Amino acid sequence: MAIWNLGSINADMVYALPHLPAPGETLAASGLQRFLGGKGANMSVAAARAGAHVRHIGAVGSDGLWARDRLTEYGVDTRRIAQVDQPTGQAIIAVDAQGENLIILYPGANHAIGADQVSAALADSDTGDLLVFQNETTAQVEAAKLGRERGLTVCYAAAPFSAPAVQAVLPYLDFLILNEVEAAQLQQATGLAPADLPVEHVIVTLGSKGARYHQRGQAAAEFPAHKVKAVDTTGAGDTFTGYVLAGMDRGMPMAQAITQANRAAALMVMRPGTADVIPDLKEVREAALD
């Protein structure tokens, strides 16, 4: 089986700050690093490092060929990543001494992905493959419809959150993942609690408290997080999602996939950076966590 990821690719510029800036405040950064990022790239790397065969559908500019090469190095199939006449997406990330962050996104090439590109890529998909996408690219609805038509398991990581974006793809979804705040916002927009959504699998991430899993028609299951000292929470949710998807792709029971994903996310928050520092499966299995 394969995971098809219609996903964003960004250059993540990470600035270390003593605290997150207030409006009008100027702060001197104590460090700057460039990482491969974007929610899509992070999920592709995480799923590949978790042992899945990942095929990334995306776009970069001429300034982002290094990002495509980096994905290839991490085991992602990058043949469906187009080079377009727009700058590569970029994220400006400020990280404080407690590991909290704020992010400014410039979509760039991620918004140059057309339905034709997605259709051409998914022509090689097989029934039962997974299709995942996030709210950082264009062609989301077209991808969701096509995935359903081709018999793929259609998965949506609903971030950055937009209730209308979720509602547009909701009829085509088999799997939805969102955080606690986003779940409340979606409930306000639709009148439906996570357990009542017309989606077979819904995971609500709870930050340091772990995750809650809703399978349609069954009682919710709680999965506590590991207690670790956070250095940088950037990319932890994407790592969790990538590991869950890889577990699904490999036929794991959902409880086992979530448990393994919780371990991966715990390791991730202990490291500064994004896609470049996502732990591999061996690290996740062997890590000494509480």
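Hi everyone, let's start with one residue: R263 touches H226, V284, R285, E286, A287 and L289, leaving aside residues up to four places away in sequence. Touching, or contact, means heavy atoms within 4.5 Å.

A quick word on the source. This is a predicted model, where local features need pLDDT of at least 70 and side-chain atom pairs count only at pLDDT 80 or more, while totals for chains, interfaces and linings use all residues. Residues are numbered from 1 along each chain as its sequence is written, and side-chain values use heavy atoms, with hydrogens and water left out.

Back to R263. You'll find R263 in helix α8, residues 254-268. Helices here are DSSP runs of H or I with at least four residues, strands are runs of E with at least two, and both are numbered from the N terminus. Is R263 buried or exposed? With a relative accessibility of 17%, R263 counts as buried. Buried means under 20% relative accessible area, exposed means over 50%, and partly exposed is in between, using a 1.4 Å probe and protein chains only.

Now look at one of its partners, E286, which sits in helix α9, residues 281-286. E286 is exposed, at a relative accessible area of 56%. Along the sequence, E286 and R263 are 23 residues apart, and from C-alpha to C-alpha they are 9.9 Å apart in space.

Next, helix pairs. Take α1, residues 39-49, and α7, residues 236-249: their axes come within 7 Å and cross at roughly 45°. Axes are lines fitted to C-alpha atoms, for helices over the stretch in contact, and angles run from 0 to 180 degrees between N-to-C directions. α1 and α7 are therefore oblique to each other. Angles under 35 degrees count as roughly parallel, over 145 as roughly antiparallel, 65 to 115 as roughly perpendicular, and the rest as oblique.

Which residues make the contact? On the α1 side they are K39, N42, M43, A46, A47 and R49, and on the α7 side D238, T239, T241, G242, Y243 and A246. The residues of this contact between α1 and α7 divide into five nonpolar, four polar and three charged. For that split, Ala, Val, Leu, Ile, Met, Phe, Trp, Tyr, Cys and Pro count as nonpolar, Asp, Glu, Lys and Arg as charged, and the others, Gly among them, as polar.

Let's stay with α7 for a moment. Of its 14 residues, 13 are buried, so α7 is largely enclosed by the rest of the structure. After α7 comes G251, with a positive phi near 80°.

Our second pair is α3, residues 115-122, and α4, residues 140-149, which pack at an angle of about 25° with axes 9 Å apart. That is why α3 and α4 are roughly parallel to each other. A115, V118, S119 and L122 of α3 meet E142, A143 and L146 of α4. The residues in this contact of α3 with α4 come out as five nonpolar, one polar and one charged.

Finally, some backbone details. Most residues other than glycine have a negative phi, and most peptide bonds are trans. A139, however, has a positive phi near 70°. A139 lies in the loop between β8 (130-134) and α4, and at 11% relative accessibility A139 counts as buried. Where is P160? P160 is in the loop between β9 (153-157) and α5 (163-169). A cis peptide bond joins A159 and P160, with omega about -10°.

Thanks for listening!
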